[in-house]
Amino acid sequence: MLFSEIYGSYYTAVAQILSRAVEGSLTGKELTVIVQETAFGESLLTIPSALKEERWPFLDLNLNTPVQHEPAMPLSALQKQWMKALLQDPRIRLFSPSEEGLEDVEPLYDRDTFVFFDRYTDGDPFEDEEYISHFRTILQGMKEKRKIRVRFKGRHNERHSYICVPCRLEYSSKDDKFRLITSCKGNMLTVNLARLRSVQVLEPYVEDEFRPADYHTESLVMELFDERNGLERVMLHFSDMEKETERLDARHYRITLHYKRDDETEILIRILSFGPILKVLSPAYMVDQIRQRLDRQFLYRPKE
C-alpha cells in the first residue's frame, strides 16, 4: 500500500465519527451517513457494527467516547509527494486545483512512469489552451447553474449549435476522453469535448428547466467469492459506478452494478480481469457474452 492505514479511508471515516462523539452530538443515523459519505460501499457492513458492538473500543452502547480530543490527521511527507505527482496530470489540472503547501515538495513519480496498454491513443488534447478554456467555461456554467451555448462539429463535419443545461462531465478511461452530458429541450445531448469549437455561458436556468435526460442504464448482478482481498479490490475497481452490495455469508457477496449500455464492453473487460472470484448471474445476455469471450480465449490459447 502507498500510505499507512492510519491515513486510509476507514480511519478518516472513524475520525469524523469520533469528532462528533467528542462534541456529544453523535447519533446512530449520523454515524451511518458519515460512513456512506467518507468510506467505501462495503464499509456499511463493517464500521457501524464494529463501533456499536464495541469490537472497536472507541464508542460505548450510548455512542459516547472515552476520547477527549478531536483526532488530528496531518498529511505525511509521502502523501504530499503523491499529491504533487497527481497535480502533474493534465486532466487533473483542468480543474485548477490549488498547490498551496506543496510548492517545495518533490513529486513521488514522473508522468512517464506509467505506460497504459489498454487505452486508445487518440485521447483528448488536455494541454491545448482552447480545450482548457472550453472545459473551465463548462465548469463555470455548472457551478453557477447557468445555461451554455455549445458549438461543435459532428462526426461528418456538420456544424451544430445548441443552448442547453450542462448536467455533468464524464471521463472514459478506456478512450481517454471527456464527454459533456447536457439537457437540451428535454432530450439528452452528449458532446465530446475535443469536438467543441466554442462554449459561452448564458443566463441562469430555473430548476424546472433542469430535467437532465439520462443514459438508459442497465443492471448487472454478480456473485463475489472474497478471496485474496477480493471484496476490497472489486469495490475499488468499480468505485466509479453506482452499486449495491449484499453479504450472503462470510465469504460470498452479491453485487449489483448499474452501468450505461455504452460502457458494456469496458464492464465485461473489467469483470474478466478478476477471474473465477467474480461470477455474473444476470442479465442472461451478459452471461452469454462472458461465455463467448472465454470460449474465444480457450480456442486461441497458445499451444504448448
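1. Two strands are taken to pair if DSSP finds at least two bridges between them, while helices (H or I, at least four residues) and strands (E, at least two) are DSSP runs, numbered from the N terminus. On that basis the bridge partner of glutamate 223 in S9 is lysine 279, and four bridges in all join strand S6 (residues 217-225) to S9, the two running antiparallel.

2. The model under review is predicted, so that local features need pLDDT of at least 70 and side-chain atom pairs count only at pLDDT 80 or more, whereas totals for chains, interfaces and linings use all residues. Residues are numbered from 1 along each chain as its sequence is written, and side-chain values use heavy atoms, with hydrogens and water left out.

3. On the overall picture, the chain holds nine helices and nine strands, and its C-alpha trace spans about 65 × 55 × 45 Å along the principal axes. Of its 304 residues, 34% count as buried, where buried means under 20% relative accessible area, exposed over 50%, and partly exposed in between (1.4 Å probe, protein chains only). Among contacts (heavy atoms within 4.5 Å) between residues at least 6 apart in sequence, 62% join residues at least 24 apart.

4. Five strands make up an open sheet with antiparallel pairing, in the order S4-S3-S2-S1-S5. Its edges are strand S4 (187-192) and strand S5 (196-204), each of which pairs on one side only. Neighbouring strands here are turned against each other by 45° on average, direction ignored; axes are lines fitted to C-alpha atoms, for helices over the stretch in contact, and angles run from 0 to 180 degrees between N-to-C directions. Helix H6 (residues 129-144) lies across S1, S2, strand S3 (177-184) and S5, and runs at about 20° to S5.

5. Two hairpins within this sheet deserve a look. Strand S1 (residues 146-153) is joined to strand S2 (residues 159-172) by six bridges in the antiparallel sense, with lysine 153 opposite arginine 159 and isoleucine 148 opposite cysteine 164. Five residues lie between S1 and S2, and in that turn asparagine 157 has a positive phi of about 70°. S2 and S3 pair antiparallel over seven bridges, with serine 172 of S2 standing opposite lysine 177 of S3. The hairpin of S2 and S3 has four residues between its strands, and there aspartate 176 takes a positive phi near 60°.

6. Aspartate 176 returns in the setting of arginine 119, a residue of the loop between helix H5 (90-93) and H6. How far from the buried arginine 119 is the nearest side chain of opposite charge? Aspartate 176 is 4.0 Å away, and arginine 119 has no salt bridge. For this purpose Lys and Arg count as positive and Asp and Glu as negative, with His and the chain ends not counted, and a salt bridge is a side-chain nitrogen of Lys or Arg within 4 Å of a carboxyl oxygen of Asp or Glu. The side chain of arginine 119 does reach the backbone oxygen of serine 173, at 2.9 Å. Beyond neighbours within four places in sequence, arginine 119 is in contact with Arg91, Tyr171, Ser173, Lys174 and Asp176.

7. A further open sheet has four strands in the order S7-S8-S6-S9, again with antiparallel pairing. Strand S7 (242-247) and strand S9 (278-282) stand at its edges with a single partner strand each, so one side of each is left without a neighbour in the sheet. The twist from one strand to the next averages 25°.

8. A search of the whole structure finds 15 salt bridges. One of them links glutamate 23 and arginine 20 (2.9 Å, N to O); both lie in helix H1 (residues 9-23), three residues apart, about one turn of the helix. Glutamate 23 is partly exposed at 46% relative accessible area, as arginine 20 is at 29%. Arginine 228 and glutamate 227 also meet in a salt bridge (3.0 Å, N to O), with arginine 228 exposed at 57% and glutamate 227 partly exposed at 30%.

9. Aspartate 288 and arginine 291 form a salt bridge at 3.8 Å, N to O. Because they are three residues apart in helix H9 (residues 284-299), about one helical turn separates them. Aspartate 288 is partly exposed, with a relative accessible area of 37%, while arginine 291 is exposed at 51%. Elsewhere, salt bridges that share partners join Arg20, Glu23 and Glu30 into one network.

Methods: A polar contact is a pair of N or O atoms within 3.5 Å; within protein, one must be able to donate a hydrogen and the other to accept it, and residues adjacent in sequence count only if both atoms are side-chain atoms.
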